[in-house]
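Reader: I'm new to this one. Can you walk me through it, a piece at a time?
Author: Fine. Have a look first, then ask.

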Amino acid sequence: MHAWPASEVPLLPGKGQPLRIHDTASGELQTTTPGPTARLYVCGITPYDATHLGHAATYNAFDLVQRIWLDAGHQVVYVQNVTDIDDPLLERAIATGEDWVALAERETALFREDMTALRMLPPAHYVGAVESIPLIVPLVQDLLAKGAAYELDGDIYFSTASDKRFGEVSGYDAETMLRYFGERGGDPDRPGKKHRLDPLLWLAQRPGEPAWDTELGHGRPGWHIECVAIALQHIGMGFDIQGGGSDLVFPHHEMGASHAQVHTDSHPYAKQYVHAGMVALDGEKMSKSRGNLVFVSALRRDGVDPAAIRLALLNHHYRSDWEWTDADLSGAQERLARWRAAVSRPDGPDATALLAEVRAALAEDLDSPRALAAVDAWAARQEAEGGADTGAPGLVSRLVDALMGVAL
Ligand code: 5CA
Ligand code: ZN
């Protein structure tokens, strides 16, 4: 699949610092240690509805990760998938009578537009599940050969018992795992499974559903193995960060790590597992199935400046769960207007310390609220005291764009 166009990242004087970020598996902040090329995998959308602000908040967090790595002098290889075949997509297509391929293509196209408008850096590899079937099949065959997978009425399950490290990503107890497994696409109660938590690697064709002819039979891939196949193909084991929203900690990222580690007989799948908090509306997680959504595309259609949407996202720490309200947007619009006025003045206070503070804030677990406060303080000083540095407004404009993707 093609991704979306990259917005230019302005070069800044000096160099940013190493990124410290929270790792779900260890429960601690850890300094990322990429080589010359940092490797990032972020779970992409299931394209059955438009991009809501929850998605945008998660992608904003991992966009910051890339910008910090770039500023610290690394190259970045970023991989993102599109779950263009899965239950929710098929269910929506059946409910509306639309062809599932057309639905996925339309919503993926809209997602690209939203990401472009929000100045999210595009992945180098933007890969669909359907196009990855040839990669998925040999992976499942290998798990079968290793005795880590088994067949049940034509379906193929992963055996969680085959992995002694199972549970290391989430650290959840058995009861929590079961609850989330049931809530998030798993089938804990199907008779005949070896363990209730075992997830599907391959589904034999269901009546009325699409299927592909492969060595595994006539069917379609399970969800977790999709991301593993794509990640291993493009960035390999031991990549720097597996990212996504916190709803993916279990089962998705737990199962992905498990599949990959059993398949390669090596560890770790990812050096760090990083999760963004959930954005809610009206007290409930913003989700397609609940229907309580604020869409990025709808805001854009209403004439809202994407830079204001981005500032509204940045105003929350990526790890917190938060609720979207109208005040988020109006506050961001006011801030954007203040900042634009500030950088259009001919001079201002020296901004070298501001650059250092924004770099330090973002490098410390992506503390974007602290970074915004620093820019606010510079703008307030400029308004109160003026300043003689004619290069400062330009530097502020460049640093806000380079490090936070906000075009002033
Ligand atoms: N296709 C799978 C991942 S392989 C998927 O979860 N798709 S999704 O469309 O449901 O979500 C896309 C991304 O947005 C995921 O990283 C998910 O964790 C994140 N996300 C979904 N809902 C929210 C929300 N309310 N707040 C924050 N992030 C969210
Ligand atoms: Zn995924």
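Reader: Start with the sheet of three strands. What is the strand order?
Author: The order is 14-13-15 in an open sheet with mixed pairing. Strands here are DSSP runs of E with at least two residues, helices are runs of H or I with at least four, and both are numbered from the N terminus. Two strands pair if DSSP finds at least two bridges between them.

Reader: And which strands are the edges?
Author: Strand 14 (284–285) and strand 15 (322–323), each of which pairs on one side only. Strand 13 (residues 279–281) runs parallel to strand 15, and two bridges join them. Ala280 has Glu323 in strand 15 as its bridge partner.

Reader: Before we go on, what am I looking at, and how is it numbered?
Author: This is a predicted model, in which local features need pLDDT of at least 70 and side-chain atom pairs count only at pLDDT 80 or more, while totals for chains, interfaces and linings use all residues. Residues are numbered from 1 along each chain as its sequence is written, chains are lettered from A and ligands numbered from 1 in the order in which they are written, and side-chain values use heavy atoms, with hydrogens and water left out.

Reader: OK, pockets. What volume does the largest pocket have?
Author: About 1500 Å³. A pocket is found on a 1 Å grid over the protein atoms alone, as an open set of points with protein on both sides within 12 Å along at least five of seven lines; a cavity is a set where a 1.4 Å probe fits but cannot get out, and lining residues have an atom within 4 Å of a point. Points are joined across faces, edges and corners, and the volume is the space filled by probe spheres set on them.

Reader: Which residues are closest to the centre of that largest pocket?
Author: Arg184, Trp223, Asp247, Leu248 and Lys285, out of 50 that line the largest pocket. Several elements each supply at least two lining residues, including helix 5 (174–183), strand 10 (217–221), helix 6 (223–234) and helix 7 (249–264). By class, the lining has 18 nonpolar, 19 polar and 13 charged residues. Ala, Val, Leu, Ile, Met, Phe, Trp, Tyr, Cys and Pro count as nonpolar, Asp, Glu, Lys and Arg as charged, and the others, Gly among them, as polar.

Reader: Now the metal. Which residues are the protein donors of the zinc ion (ligand 2)?
Author: Cys43 (SG), Cys227 (SG) and His252 (NE2), at 2.0 to 2.3 Å from the zinc ion (ligand 2). A donor is an N, O or S atom within 2.8 Å of the metal (3.2 Å for Na, K and Ca); water is not among the atoms, so sites may look incomplete.

Reader: Where in the chain are Cys43 and His252?
Author: They link distant parts of the chain, 209 residues apart: Cys43 is in the loop between strand 3 (37–42) and helix 1, and His252 is in helix 7. Both Cys43 and His252 are buried. Buried means under 20% relative accessible area, exposed over 50%, and partly exposed in between (1.4 Å probe, protein chains only).

Reader: How many cavities of 30 Å³ or more are there?
Author: Two. The largest cavity holds about 100 Å³ of space. Its lining has 16 residues, with Ala57, Leu313, His316, His317 and Tyr318 nearest the centre. Helix 1 gives the largest share, five residues. The class count for the lining of the largest cavity is 10 nonpolar, six polar and no charged residues.

Reader: And the second largest cavity: what volume?
Author: About 40 Å³. Among the residues lining the second largest cavity are Gly16, Asp71, Arg359 and Leu403. Helix 11 gives the most to that lining, with three residues.

Reader: Any cis peptide bonds? Where is the one with omega of about 5°?
Author: Between Phe250 and Pro251, and Pro251 is in helix 7. Another cis peptide bond joins His267 and Pro268, with omega about 0°.

Reader: Last topic, Asp365. Is Asp365 buried or exposed?
Author: Buried, at 4% relative accessibility. Asp365 has a positive phi near 55°, though it is not glycine. Its place is in the loop between helix 11 and helix 12 (368–385).
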